Amino acid sequence: MKTSWRSASLAAGAVVVLALTTACGQDGGGTQPASQNVGATAAAGGYGGTGTSTGIGNGNGTAGAEAGAGAEGQQDAAAQAAPAGKLGVTVDAELGRVLTDADGRTLYRFDEDTAEPPKSNCDGDCATAWPPVPADDASAGAGIDKALLGEVTRTDGTKQLTIGGWPAYRYAKDVKAGDTKGQGVGGTWYALAPDGKKATLADLPGLSTRKDPKLGEIVVDKNGMTVYRFMKDEAWPKPVSACTGACLQNWPVVAPVETNDTEGVQKKGLMSFTRPDGTKQQTVNCWPIYTFSGDNAPGDTNGQGVGGTWFAVAPDGKPVGAPEKE
């Protein structure tokens, strides 16, 4: 008798769990392979130096070069030539996903180089302004396909890191992690995307993550804007939004996103639901998500903690920094 009672109880419990899962996933986007998290910690502090400009080259690899010939540039030459370490991906307000080294320094590509076969055409003063990234110790971090990492032998015999065949560089005038001062210089230098292409905001998925210096890994929308949760909402047995009327003017809902158009966000409970007015809203782990009208640019987190009820969203759907429920 005990065995029968136990089996019946387990079966009943399984039915309840299945019912809750089905209710939450009423408009689910199907199952897709889990993707890697995007984002790398941008180390604090500066590096590199600026100096005097040597002007535009004559087509021998110095085009667009501005050499860091000052004392500060010489002092920080070692930092510029340091190995890349574990590469990461950051979300830039204007460029979308940008490839960085282990210290959060932006990596660039040069239009006068070639990827097939890989070849660097940046030497001399050009290589002073745009220090080549050594291939030694470089490895792929989250959100980067390690198969895209390679190396090319430079004219001086050193090995330079390549991404998708393109030789990678730092820029001497980027003085701190996250700087992108080299973007567009001379019309030939561009920040690298994780796949070796030129970084553009259009590359950002419908939902992805970025590493915020204060909040950690948080979810952002296709425009790089921070995504939030409302603590008065409900997720189980189905999503319910408590933000209506005037509330929606300050907290616009995030429109549905295809499951395969996300990166770094938990797939379970990633679905949309229909609001009472007929519009559809995206959820993360079944929790409705919103952006904040008070955030003016990607990277802003002005909605964090507003009214003690609005919080940025972690990749698993949890509210970042929300007080623990007693």
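**Close-up views of a predicted model**

Both Cys122 and Cys126 are buried.

**View 1. The disulfide between Cys122 and Cys126 in the predicted model.** These two cysteines are joined by a disulfide, with a distance of 2.0 Å from S to S. About the S-S bond the torsion is -110°, and the link of Cys122 and Cys126 is left-handed. A search of the whole structure finds two disulfides, and the other view of such a link follows below.

**View 2. The disulfide between Cys243 and Cys247.** Here the sulfur atoms of Cys243 and Cys247 lie 1.9 Å apart in a disulfide. Because the torsion about the S-S bond of Cys243 and Cys247 is about -110°, this disulfide is left-handed. Cys243 has a relative accessible area of 0%, so this residue counts as buried.

**View 3. An open sheet of three strands, in the order β2-β1-β6.** The pairing within this open sheet is mixed, and its edge strands are β2, covering 96–100, and β6, covering 139–140, each of which pairs on one side only. Strand β1, made of residues 86–92, runs parallel to β6, and two bridges join β1 to β6. Within this pairing, Leu87 has Ala140 in β6 as its bridge partner.

**View 4. The salt bridge between Glu263 and Arg97.** Among the eight salt bridges that the structure holds is the pair of Glu263 and Arg97, whose closest N and O atoms are 2.4 Å apart. Glu263 lies in the loop between α5 (247–250) and β14 (272–274), whereas Arg97 belongs to strand β2, so the pair ties together parts that are 166 residues apart in sequence. Both partners, Glu263 and Arg97, are buried. Strand β2, which carries Arg97, is also one of the edge strands of the open sheet in View 3.

**View 5. The salt bridge between Lys176 and Asp179.** The side chains of Lys176 and Asp179 meet at 3.0 Å, N to O, in a salt bridge. Lys176 has a relative accessible area of 44% and is therefore partly exposed, while Asp179, with a relative accessible area of 8%, is buried. The cut-off for buried is under 20% relative accessible area, and partly exposed lies between that limit and the one for exposed, over 50%, which is why Lys176 and Asp179 are described by two separate words.

**View 6. The salt bridge between Asp212 and Arg210, with a network formed by other residues.** In the salt bridge that Asp212 forms with Arg210, the closest N and O atoms are 3.1 Å apart. Asp212 is buried, with a relative accessible area of 7%, and Arg210 is buried as well, with a relative accessible area of 6%. Elsewhere, Asp101, Asp103, Arg105 and Arg170 are joined into one network by salt bridges that share partners.

**View 7. The surroundings of Glu151 in strand β7.** Glu151 is found in strand β7, which consists of residues 149–153, and with a relative accessible area of 46% this residue is partly exposed. When residues up to four places away in sequence are not counted, Glu151 touches Ala135, Lys159, Gln160 and Thr162. Between Glu151 and Trp166 the separation is 15 residues in sequence, and in space 9.0 Å from C-alpha to C-alpha.

Methods
Residues numbered from 1 in each chain as written. Predicted model: local features only at pLDDT ≥ 70, side-chain atom pairs only at ≥ 80, totals over all residues. Heavy atoms only, no water. Pairing = 2+ DSSP bridges. Helix = DSSP H or I, 4+ residues; strand = E, 2+ residues; numbered from the N terminus. Salt bridge = Lys/Arg side-chain N within 4 Å of Asp/Glu carboxyl O. Buried < 20%, exposed > 50% of the residue type's maximum accessible area, 1.4 Å probe, protein only. Disulfide = S-S within 2.5 Å. Contact = heavy atoms within 4.5 Å.
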